[in-house]
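Me: I'm new to looking at protein models. Could you pick one small spot, walk me through it closely, and then show me what surrounds it?

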Amino acid sequence: MEELRDFPNSTLLSSDPADLAFYSRDLWPRHHMAVRSGNVATHAPKAVVWPRSTEEVARVVRWAAERRVALVPFGAGSGVCAGVLPTPQTLVVDLKRLSAIREIDKAKKTVTVEAGAMGLPFEETLEREGLTLGHFPSSILCSTVGGWVAARSAGQASGRYGKIEDMVLALECVTGTGEIVRLVHRPYGPSLVPAIIGSEGTLAIVTAAQLRLHRAPTVRGFASWSMPSMREGWETMREMFQSGLRPAVLRLYDPFDSVLARSGKARKRSGHRKPGRGTAALRVILKRPQAIGDLLDSRAANVALGGALVVAIFDGQDEGVWSEVARARAIAERTGKYEGEGPARKWLAHRYSVSYRQSPLFAQGLFVDTMEVAATWSRLEALYDGVRRAIGKRAFVMAHMSHAYPDGCCIYFSFAGVAAPGKQDWDAECEARYDAIWRDALAAAVEAGGTIAHHHGVGRSKASRLGDELGRGGLEMQHALKRAFDPHGILNPGALQP
Amino acid sequence: MIQLDHESLLVHARGSERLADLEIALAKDSLTLDVDPIPDTTVAAWLESGAEGARSAWLDPADHLVAGITTSEFSMRPAPRRAVGPDLLSLVLGMGGRFVHIESVWLRVHRKDAAGNILRPAAETPPSFGPRRSERIVDMTDDERRLYDAIKTRV
């Protein structure tokens, strides 16, 4: 690594143990388990570099290519699928110093932004100009534009603005040979932009993106409905999208998840929390997840919990929003009961809170994780039932439908588990249970005809099932792309590899 | 022979199917591709030449034209969206059959009573993009040409 020290002063290189520990992982929950059991920084890299320009990124890549040193691009580290898993030979390339907004073109409604720009400050800058990207992932507080592109991210307002792949007009990237290339998106081709989006840093390091913008909404309509069952709930969502409605936000929560959505608050506590009676009760519940799941599936429990909940938010600039709300109400109230604006407004106020409920549970020796899969409407029920059954054998599972389209929907499963009875913390047995949950859940998703990832990507945690998704031919095409963009195989090796 | 997924509003058609024949078959179920004008060509040739006449993907970002595909080299099951690595459709759409040939495809269809019925466009169309896909294959940049050549030698 000595050669890198000859780089211009503007490039910062560190092999400080504290830096290496920080960059040794992303937010894959299995990493949390390792840390809880005392295995901190088991995947520490050799060094971390913070380039400040695309040219510096290119110089780092050329240096690495000549020496066959593996590079791991790093945004804010909020990935949950082990897309970041360095080795002692790896150089982590943190792009957060490449964070400038190069140009906002208000007339053309485009922005060119560097990959390391953090999500929320970026969006706030746009909103001060009366504009919005329309991309609001729940990780917006701890993710970057480059990370969104790398993982094929989805935001909460995907119904109106699409996923990140619908927002990228052009990309500036550095390939595995250190070449700087600019790629233009043309929706029906030819375009290599869709090949880079979702490639998880394995084909090129994205250094900047030109993104389309929209006028920030000035009128916003809210509505929510309770539904007798999930089935009626997703039929309502399907009918809305297939009739041409495009709510920015349209989400369906199962009865248990609805209780949390209706409560909608993240507790404001600081400092270390000791396990209390609530945690003790949760531990008891989690020892018999399947029985609890069956109980909650009963009609009586459904009624007691208030049924499933649909929340909708319509964005616009004019009174047209209200006619959309009226149309949505006409559809939803064929089977559902109108619950007013309250639950949707509450959801919006706490839209980023839920992700931060996980940490206290990990601190108390439980494990929590999420799985986002998708299917066409005709396969949705099989996907919902199959994955719930698979996870429910070993963990408590709940679900919500988070992103709808005219042809299908994403299901977002959340699950929580506990070590074997009597165990209060992580051990090999607990990890085995966690791995078994994922193995069975991915198998169930494939079996049901769903996709194994909707917006978290594959990383390493889902890679074993990539062949089921793409087939041998698809994997070979991905390898062909890899060899073309990164002939030396130095960019994030291991990710996206079954 | 076409296969309809009414619930998902998708049609599975062979690449050799003529687009006009497909539209006639769909009309029996009050469905349409919403392509204007319908070109005198096959489904495969239409997609490989850039899907002229398709509704612009910029106008309604939630709505994608192709949900699944089977090509000479690989197959992707229908799904509304996926995040499983590079989008292999980038080697198909508008590529003139340079890398793979389309054998069959799952295409989005619209109910005739709802086609073009989005109350307001879901998004503003960026300048230089019309409401319909109208350009044929456009000139690629030198970077893109070089990368496509590199991919071709490795497929």
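Reply: Here's a close look at one residue, followed by its chain and then the partner chain. Keep in mind that this is a predicted model.

Our spot is Asp29(B). To find it, follow chain B to the loop that sits between helix H1 (19-27) and strand E3 (31-32). Is Asp29(B) buried, exposed or something in between? Its relative accessible area is 35%. Buried would need a value under 20%, and exposed one over 50%, so Asp29(B) counts as partly exposed.

Now for the neighbours. Which residues does Asp29(B) touch, once those up to four places away in sequence are set aside? They are Leu4(B) and His6(B). There's another residue to look for here, Arg111(B): 82 residues separate it from Asp29(B) along the chain, yet their C-alpha atoms are 8.5 Å apart.

That pairing leads nicely to chain B as a whole. Take the contacts in chain B that join residues at least 6 apart in sequence: 66% of them link residues at least 24 apart. As for its building blocks, chain B is made with three helices and seven strands. If you trace them in sequence order, you get β-β-α-β-α-β-β-β-β-α. Chain B has 155 residues, and 57% of them are buried. It exposes about 6,300 Å² of surface, with 51% of that coming from carbon and sulfur atoms.

How confident is the predictor here? The average pLDDT in chain B is 87, and 84% of its residues reach at least 70. For the model, the scores are ipTM 0.93 and pTM 0.94.

Next, swing over to chain A. Its secondary structure adds up to 18 helices and 18 strands. Chain A has a radius of gyration of 23 Å, close to the 23 Å the globule rule gives for 498 residues, so chain A is as compact as a globular protein of that length. Measure the C-alpha trace along its principal axes on your screen and you should find spans of about 70 × 60 × 50 Å.

Inside chain A, 61% of the 498 residues count as buried. Of its contacts with a separation of 6 or more, 75% are between residues 24 or more positions apart. On the outside, chain A exposes about 18,200 Å², and carbon and sulfur atoms supply 52% of that area. One last thing to picture is charge: chain A has 63 positive and 52 negative charges, and the mean positions of the two sets lie 4 Å apart.

How values were computed
Residues are numbered from 1 along each chain as its sequence is written. Chains are lettered from A and ligands numbered from 1 in the order in which they are written. This is a predicted model: local features need pLDDT of at least 70, side-chain atom pairs count only at pLDDT 80 or more; totals for chains, interfaces and linings use all residues. Side-chain values use heavy atoms; hydrogens and water are left out. pLDDT is the predictor's confidence in each residue, from 0 to 100. Helices (H or I, at least four residues) and strands (E, at least two) are DSSP runs, numbered from the N terminus. The radius of gyration is taken over C-alpha atoms; the globule rule is 2.2 Å times the number of residues to the power 0.38. Buried means under 20% relative accessible area, exposed over 50%, partly exposed in between (1.4 Å probe, protein chains only). Contact means heavy atoms within 4.5 Å. Accessible areas come from the Shrake-Rupley method with a 1.4 Å probe; for residues, only the protein chains shown count as cover. Lys and Arg count as positive and Asp and Glu as negative; His and the chain ends are not counted. The place of a charge is taken as NZ of Lys, CZ of Arg, CG of Asp or CD of Glu.
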